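Biologist: I'd like to go through the sheets here and hear what backs each label. Could you show me the model?

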Amino acid sequence: FIAQLPDKDLHHYHVSITPEVTSRVVNRAVIHELVNLHRAAYLGGRLPAYDGRKSLYTAGPLPFASKEFQITLLDDDDGSGAQRRQRNFKVVIKFAARADLHRLGMFLAGRHAEAPQEALQVLDIVLRELPSARYAPFGRSFFSPDLGRRQPLGDGLESWRGFYQSIRPTQMGLSLNIDMSATAFIEPLPVIDYAAQLLRSDIHSRPLSDAERVKIKKALRGVKVEVTHRGNMRRKYRISGLTTQATRELTFPVDEGGTVKSVVQYFQETYGFAIQHTYLPCLQVGNQQRPNYLPMEVCKIVEGQRYSKRLNQNQIRALLDETCQYPRDRERDITQMVKHNAYQEDPYAKEFGIKISDRLASVDARILPAPRLKYNETGREKDCLPRVGQWNMMNKKMVNGGKVRSWMCVNFARNVPDKLARDFCHQLAQMCQDSGMDFALEPVLPPMSARPDQVERALKARYHEAMNILGPQRRELDLLIGILPDNNGSLYGI
């Protein structure tokens with residue numbers, strides 16, 4: 001989408017927030033509160049763009065070279081009626097430099113050799129301000145359940161639609177590049193339901209095995225949950241672990257005199273809540289030295305937590321299916337995304353004089369003819385013309401076929417008998433020879449079956465057997481073929 005270069009006088013300011021925090025979300029909340037309170041009085045009416053770290057930009061100078069502000073943030077209301085915790089911050093804003101858009105204009109006009117990265121960075125930060133406030137930002141992308149349907153990925157995960165955006169200089173001038181994207185989030189489920197999905201087993205009426213408890217502990221560590229047993233009071237906690245004991249066995253001290261109370265008794269007496277699933281472990285929240293216990297049934301996963309661990313093959317395939325679109329559908333969705341974000345009405349873009357077209361840029365293009373492919377003269381078909389980017393290898397021989405003199409096969413599929421595996425290997429070797437490869441018809445060792453849960457062990461043992469034969473001949477194993485139970489299990493990803 002073509003962007004018009006602003007003619008504003010851009011200023012860069014250094015921002016220092018004390019006490020220092022690493023969270024961009026908190027930093028943005030501090031500056032947002034500062035702008036709300038002091039925009040008219042102390043910022044000269046300017047609407048600054050902030051990168052969430054140390055830099056702030058304005059269209060025109062602020063009325064000061066350096067100024068200190070005192071800002072108070074209130075924690076979110078958890079519905080308890082209790083006084084909200086206050087956090088006090090000192091913010092110092094100090095003039096750093098003027099951002100030079102003139103050189104960017106010279107570059108776009110072809111009169112400057114290098115693109116000025118600082119000017120592009122300013123524009124990028126300005127255009128990220130509004131979506132950063134509306135959506136969940138990760139890297140250069142923004143995600144939200146409001147940007148399209150959320151799709152289940154399995155094992156307690158779901159995909160959220162989003163978009164990537166970046167300001168770039170192009171041959172046509174300055175442009176805003178936008179593309180659709182999707183990523184995995186943890187489903188905002190009750191914790192027991194999440195655990196049941198993760199284990200692919202109903203756990204509502206049975207205790208967990210040690211292996212299941214460890215799996216749930218690894219998956220939930222660091223995840224935020226909110227309690228559901230106190231009505232509108234939805235206090236949030238971050239999970240630090242899982243108890244080794246069942247809830248019915250857990251006790252904790254309630255006073256300095258050494259009085260202890262069971263978790264079940266405490267929830268009944270304090271909240272009038274009768275814990276049903278007493279055989280399940282409790283979530284541990286807070287620090288490890290003095291953790292709080294929360295029964296799994298009173299906790300729900302907080303929405304909007306991105307899943308950053310490795311996806312399994314089923315989840316990867318589901319995510320790819322979600323992002324795969326025909327070009328015309330993608331064009332439609334991206335155009336709608338731009339209109340939905342209304343860059344023309346964006347107050348930050350208006351402040352800085354950035355105008356974005358709401359129509360996709362039109363580029364002249366042509367379709368190149370497919371090249372004719374030449375194969376070996378000894379084949380029945382010596383050449384071919386690809387159609388729609390594909391062609392068949394039947395009746396063709398490669399000009400320079402590769403060499404595979406030493407190979408073997410390990411069968412991890414229990415539903416494939418040894419005879420079928422041998423027939424497959426023979427047919428594969430014959431097919432490779434027919435295509436012009438120097439491929440040995442017989443493997444070093446006959447195909448061997450192995451358990452799919454002992455991959456590494458089986459491969460090491462079979463490799464050593466093969467090298468006992470090949471080693472004295474000073475040869476290596478050229479190819480190892482693995483027959484897998486399916487193409488979407490965890491084994492496929494190895």
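Modeller: Sure, and bear in mind that this is a predicted model. Start with helix α11, residues 455-470, which lies across β23, β25 and β26 and runs at about 150° to β23.

Biologist: What makes β23 and β25 a pair?

Modeller: Pairing takes at least two bridges between the strands. β23 (residues 407-411) and β25 have two bridges, in the parallel sense, so they count as paired under that cut-off. One bridge partner to look at is S449 in β25, which goes with N411.

Biologist: Why are β25 and β26 said to stand at the edges?

Modeller: The open sheet has the order β25-β23-β26, with parallel pairing. β25 (448-449) and β26 (479-483) each have a single partner strand, so one side of each has no neighbour in the sheet.

Biologist: Now the five-strand sheet: how do you know that β5 and β6 pair?

Modeller: Same cut-off: at least two bridges are needed. β5 and β6 (residues 86-99) have nine, in the antiparallel sense, so they qualify as a pair. In β6, F89 is the bridge partner of I71.

Biologist: And which helix packs on that sheet?

Modeller: Helix α1, residues 24-38, touching β2 (10-18), β3, β4 (55-59), β5 and β6. Touching here means heavy atoms within 4.5 Å. The direction of α1 makes about 110° with that of β5.

Biologist: What is the strand order there, and which strands are at the edges?

Modeller: The order is β3-β4-β2-β6-β5, an open sheet with antiparallel pairing. β3 (49-50) and β5 (66-74) are the edge strands, since each pairs on one side only.

Conventions
Residues numbered from 1 in each chain as written. Predicted model: local features only at pLDDT ≥ 70, side-chain atom pairs only at ≥ 80, totals over all residues. Heavy atoms only, no water. Helix = DSSP H or I, 4+ residues; strand = E, 2+ residues; numbered from the N terminus. Axes fitted to C-alpha atoms, helices over the stretch in contact; angles between N-to-C directions.
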